[in-house]
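The following report describes the overall form of one protein chain and the way its elements pack.

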Amino acid sequence: MGNYSSLSVKELADRIAIVRSNIRQITEQAASQSGAADEERNADRIARQTDELDNLLQEQERRLGAR
């Protein structure tokens, strides 16, 4: 998704919170929608956000391990 090494610790934590919120919102939207196209689009959105969250958490873990 991106190079997060330039983010401060606070910016990294803020971004993690935003992505988690995005995943919650997409999941709520998916529950209220129906149809194959909607399901596929929401699944793609959740997958992208989950990938970003994984990358952010890896960066956070890398930093915590470096202390």
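The protein chain has a radius of gyration of 14 Å, whereas a compact globule of 67 residues would have one near 11 Å (taken over C-alpha atoms, the globule rule being 2.2 Å times the number of residues to the power 0.38). Along its principal axes, the C-alpha trace of the chain spans about 50 × 15 × 15 Å.

This is a predicted model, in which local features need pLDDT of at least 70 and side-chain atom pairs count only at pLDDT 80 or more, while totals for chains, interfaces and linings use all residues. Residues are numbered from 1 along each chain as its sequence is written, and side-chain values use heavy atoms, with hydrogens and water left out.

The chain has two helices and zero strands (DSSP runs, H or I of at least four residues for helices and E of at least two for strands, numbered from the N terminus). The expected span of a helix is 1.5 Å times one less than its number of residues, and in each helix the distance between the end C-alpha atoms agrees with it.

| Helix | Number of residues | Expected span | End C-alpha distance |
|---|---|---|---|
| α1 (9–32) | 24 residues | 34 Å | 35 Å |
| α2 (36–65) | 30 residues | 44 Å | 43 Å |

Of the 67 residues, 19% count as buried (under 20% relative accessible area with a 1.4 Å probe, protein chains only). In α1 these include L12, I16, V19, I23 and I26, which pack against α2; the buried residues of α2 are N42, Q49, E52, L53, L56, E59 and R63, and they pack against α1.

Note on methods
Buried means under 20% relative accessible area, exposed over 50%, partly exposed in between (1.4 Å probe, protein chains only). Contact means heavy atoms within 4.5 Å.
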